[in-house]
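The following exercises concern a protein structure. Please examine the sequence and the model before attempting each task.

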Amino acid sequence: MASLAHRHQEILAAGFRTAAIDVDSPSRHAAMVEKLKLPFPMLSDPDRSLAIAPYGLADHQDPRRVARPALVAALPGGQEVYRFVARDFADRLSEDTLVEMLASHGLPPTTQPPPTPGHPEPGPRAMPVRAMVPYFRGGQYVALSLGMRHRHLGEEFRDDAEAFMAEMERFTEAVKALRDR
């Protein structure tokens, strides 16, 4: 989400607003919004019945009962114009692809009020911002080593490893920008 926040002005310039939806409580969302300085709200759907299931994003295989990572873009009238559903928790759409796709709709720029402050209560495993860059760097090196070790698995595996490394780099840059704000 930090990388979406990093590109938020471009998303608004393309005429779209951003909201994140997941199963966590409003107080955990407030903590995330505060920690990552998100310029958009996080909405809570703890039983997955309000948005997650209706959009077909409930992950019934996950014992934690979370949603599949996804991005759904809708026009101001509600018509869905784009859908990306991840294969797993680590599969994400690049922000470049997202911004390009949104801009292709030719909407006028829009604005979005900042999220309403809540009562932040971070979860017991919440990662501090200072730990995020080393964490993402570690992810990059794991993907690099697996990509090198398993070249025999083919081009698709190598492409996935490279995409994951690029994603970790985007996340790293977004956290660095967050720290500079």
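**Exercise 1: Histidine 8**

In this predicted model, the side chains of histidine 8 and glutamine 112 make a polar contact of 2.8 Å. Determine where histidine 8 is found and whether histidine 8 counts as buried or exposed.

*Solution.*
Step 1. Histidine 8 belongs to helix α2.
Step 2. The relative accessibility of histidine 8 is 3%. Because buried means under 20%, histidine 8 counts as buried.
Step 3. With neighbours within four places in sequence left aside, histidine 8 is in contact with Thr18, Pro39, Phe40 and Gln112.

**Exercise 2: The salt bridges of arginine 87**

Identify which residue of helix α6 pairs with arginine 87, and classify arginine 87 by its accessibility.

*Solution.*
Step 1. Arginine 87 and aspartate 91 meet through their side chains in a salt bridge, at 3.3 Å from N to O.
Step 2. Arginine 87 has a relative accessibility of 54%. The limit for exposed is over 50%, so arginine 87 counts as exposed. Aspartate 91, at 15%, is buried.
Step 3. A salt bridge also joins arginine 87 to aspartate 160, with the closest N and O atoms 3.1 Å apart. This pair links distant parts of the chain, 73 residues apart: aspartate 160 lies in helix α6 and arginine 87 in the loop between β4 and α4.
Step 4. Aspartate 160 counts as partly exposed, at 33% relative accessibility.

**Exercise 3: Linking helices α5 and α6**

State which residues form a salt bridge between helix α5 and helix α6.

*Solution.*
Step 1. The salt bridge joins the side chains of arginine 137 and glutamate 169, at 2.6 Å from N to O.
Step 2. Arginine 137 lies in helix α5 and glutamate 169 in helix α6, 32 residues apart.
Step 3. Both count as partly exposed: arginine 137 has a relative accessibility of 25%, and glutamate 169 has 28%.

**Exercise 4: The nonpolar core**

Name the elements that give two or more residues to the largest nonpolar core.

*Solution.*
Step 1. This core has 15 residues, and those touching the most other members are Leu36, Leu38, Phe40, Met42, Met132, Phe136 and Val175.
Step 2. The elements in question are α3, α5 and α6.
Step 3. Apart from this core lies another, of 12 residues, including Ile11 and Met101.
Step 4. Confidence also deserves attention: helix α5 has the lowest, at a mean pLDDT of 80, while the mean for the protein is 86.

Technical notes: Residues numbered from 1 in each chain as written. Predicted model: local features only at pLDDT ≥ 70, side-chain atom pairs only at ≥ 80, totals over all residues. Heavy atoms only, no water. pLDDT = per-residue confidence, 0-100. Helix = DSSP H or I, 4+ residues; strand = E, 2+ residues; numbered from the N terminus. Core = buried A, V, L, I, M, F, W, Y, C linked by side-chain atoms within 4.5 Å. Buried < 20%, exposed > 50% of the residue type's maximum accessible area, 1.4 Å probe, protein only. Polar contact = N/O pair within 3.5 Å; in protein donor to acceptor, adjacent residues only side chain to side chain. Contact = heavy atoms within 4.5 Å. Salt bridge = Lys/Arg side-chain N within 4 Å of Asp/Glu carboxyl O.
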